[in-house]
Amino acid sequence: ALTLSNPVPKWAILLAKHLGAMLSLAIVLSISMLFGLVTLRILGEVALTVDDWLKLASFWAVSLAYLSVFVLIGLLCSIVARTPLLAAAAFLLNWSVLVFVIPNLGGIAAGLSGNVKAPRELSTMDQALKSRYPMRNGMSLVESADVEMQRCRAYDELLLEHLGSLIRQVEFGQNITRISPASVFLYASEEITGGGLPRLAAFVENARHYRERLLDAMIEADKADPASQHVYYPWRCGSSNFSRRMVDLGPAKEFHDAPPTSSQALAGAAWDLGLLFLFNLLGFAVAAWRFDRQEVAPAWGV
């Protein structure tokens with residue numbers, strides 16, 4: 001009431017309170033992160049590159065944006081509630097829903113989607129592959145090996161499709177929980193630090209390409225050996241069916257699975273960063289609108 005007796009806009013008071021709280025939180029967050037980095041530096045466990053520092057700076061900024069959402073929720077609760085106790089209770093309720101309830105509901109909803117096959121269904125589909133690629137009497141060694149290879153490739157595709165359905169199920173749950181800033185912060189942090197579901201999907205794709213390149217390189221090396229029968233059974237080589245030469249497969253034998261760069265990580269987190277910005281903008285707009293309509297009066301019992 002004393003502050004508002006001066007010609008100060010209410011939105012300026014709200015902004016000052018918000019910036020003051022954010023300054024305090026930024027100091028605590030910065031000290032804690034620096035303490036962890038200094039500890040790692042003293043122990044000599046991690047050698048940080050320039051790109052790593054950019055990722056750390058991005059994570060620091062995203063963390064502040066996440067904390068800012070709850071600061072605005074706290075300000076809104078203090079505006080609406082008539083006493084500090086009611087404001088604290090309202091904030092605790094909102095915090096519990098946004099941090100615990102909504103993220104868990106997304107997982108439950110994803111589990112009920114029913115788009116993922118059970119292990120028994122996969123086993124049935126694997127048996128169906130043998131009917132699709134049957135072994136017939138009188139087949140030559142090369143023909144039977146070709147059937148075995150076809151079965152193996154089809155089963156690999158089946159497993160990759162199953163893994164893809166699991167990833168899509170998790171993504172469906174994540175999209176549901178993005179109404180919570182806690183979930184948005186988690187997914188943005190995973191993108192920036194190179195972890196979580198995006199990293200798993202990238203690893204699976206890189207592993208698939210590596211396996212294909214390695215197999216193709218092995219077959220090409222075998223074709224160059226006239227002493228080989230060029231019979232390619234999956235997971236089996238030896239005797240005269242396959243080349244016994246010592247060869248260098250070159251780049252095909254090297255597995256590459258580098259984490260994303262800072263620019264790639266920020267590009268991947270762009271959607272979640274935009275949502276965090278929207279939450280902050282919406283939170284400040286609602287708090288400013290409610291504060292502007294608030295009658296300044298002493299609290300109950302004063």
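Trainee: Hi! Let me start with Val101: what does Val101 count as, at 41% relative accessibility?

Mentor: Val101 counts as partly exposed, because 41% relative accessibility falls between the buried limit of under 20% and the exposed limit of over 50%. Keep in mind that this is a predicted model.

Trainee: Where is the place of Val101?

Mentor: Val101 sits in helix 3, the stretch covering residues 84–111.

Trainee: And which residues make the nonpolar surface patch with Val101?

Mentor: Val101 shares the patch with Leu92, Leu93, Trp95, Val97, Phe100, Leu105, Ile108 and Leu112. Together these side chains give a nonpolar surface of about 880 Å².

Trainee: Let's go inside, then. How many residues has the largest nonpolar core?

Mentor: That core has 17 residues, and Val62 and Ile73 have the most contacts inside it. Two or more residues come from each of helix 2 (50–80), helix 3, helix 6 (181–193) and helix 9 (270–292).

Trainee: Which helix gives the most to this core?

Mentor: Helix 2 does, with 6 residues. There is also another core apart from this one, made of 14 residues, including Met33, Leu72, Ala287 and Phe291.

Trainee: Back to Ile73 for a second. What is Ile73 in contact with, leaving aside neighbours within four places in sequence?

Mentor: Ile73 is in contact with Phe91, Asn94 and Leu98 once those sequence neighbours are set aside.

Trainee: I'm a bench person, so I always look for cysteines. Is Cys77 buried or exposed?

Mentor: Cys77 is buried, because its relative accessible area is 8% and the limit for buried is under 20%. Its place is in helix 2.

Trainee: What does Cys77 touch, not counting residues up to four places away in sequence?

Mentor: Cys77 touches Ala87, Ala90, Phe91 and Asn94 on that count. Phe91 and Asn94 also turn up in the contacts of Ile73.

Trainee: By how many Å are the C-alpha atoms of Cys77 and Arg213 separated?

Mentor: Those two C-alpha atoms are separated by 58 Å, and the residues lie 136 residues apart along the chain.

Trainee: And how far apart in space are Ser189 and Ala265, C-alpha to C-alpha?

Mentor: Ser189 and Ala265 are 9.3 Å apart in space, with their places 76 residues apart in sequence. Ser189 belongs to helix 6, and Ser189 is buried, at 9% relative accessible area.

Trainee: New topic: Arg178. Where is Arg178 found?

Mentor: Arg178 is in the loop between helix 5 (141–177) and helix 6.

Trainee: Is Arg178 buried or exposed?

Mentor: Arg178 is buried, since a relative accessible area of 14% is under the 20% limit.

Trainee: Which side chain has a polar contact with Arg178?

Mentor: The side chain of Asn175 does, at 2.8 Å. Setting aside neighbours within four places in sequence, Arg178 is also in contact with Val184, Tyr187, Trp271, Asp272, Leu275 and Phe279.

Trainee: Now for charge pairs. How many salt bridges does the structure hold?

Mentor: The structure holds 8 salt bridges. Side chains of opposite charge can pair when their charged atoms come close.

Trainee: Which residues are linked in a network of salt bridges?

Mentor: Glu205, Arg208 and Glu212 are linked that way. Arg208 meets Glu205 at 2.6 Å, N to O, and meets Glu212 at 3.0 Å, N to O.

Trainee: Why are Glu205 and Arg208 separated by about one helical turn?

Mentor: Because Glu205 and Arg208 are 3 residues apart in helix 7 (residues 196–223). Glu212 and Arg208 are 4 residues apart in helix 7, so they too are separated by about one helical turn.

Trainee: And what do Glu205 and Glu212 count as, at 34% relative accessibility?

Mentor: Glu205 counts as partly exposed at 34%, and Glu212 counts as partly exposed at 34%. Arg208 is partly exposed as well, with a relative accessible area of 23%.

Trainee: Last one: which side chain meets Lys253 in a salt bridge?

Mentor: Asp248 meets Lys253, at 2.7 Å, N to O. Lys253 is partly exposed, with 41% relative accessible area, whereas Asp248 counts as exposed at 61%.

Note on methods
Residues are numbered from 1 along each chain as its sequence is written. This is a predicted model: local features need pLDDT of at least 70, side-chain atom pairs count only at pLDDT 80 or more; totals for chains, interfaces and linings use all residues. Side-chain values use heavy atoms; hydrogens and water are left out. Patches are made of residues with over 30% relative accessible area and no salt bridge: like charges are joined within 9 Å, nonpolar side chains (Val, Leu, Ile, Met, Phe, Trp, Tyr) within 5 Å. Accessible areas come from the Shrake-Rupley method with a 1.4 Å probe; for residues, only the protein chains shown count as cover. A salt bridge is a side-chain nitrogen of Lys or Arg within 4 Å of a carboxyl oxygen of Asp or Glu. Buried means under 20% relative accessible area, exposed over 50%, partly exposed in between (1.4 Å probe, protein chains only). A nonpolar core is a set of buried Ala, Val, Leu, Ile, Met, Phe, Trp, Tyr and Cys residues joined through side-chain atoms within 4.5 Å. Contact means heavy atoms within 4.5 Å. A polar contact is a pair of N or O atoms within 3.5 Å; within protein, one must be able to donate a hydrogen and the other to accept it, and residues adjacent in sequence count only if both atoms are side-chain atoms.
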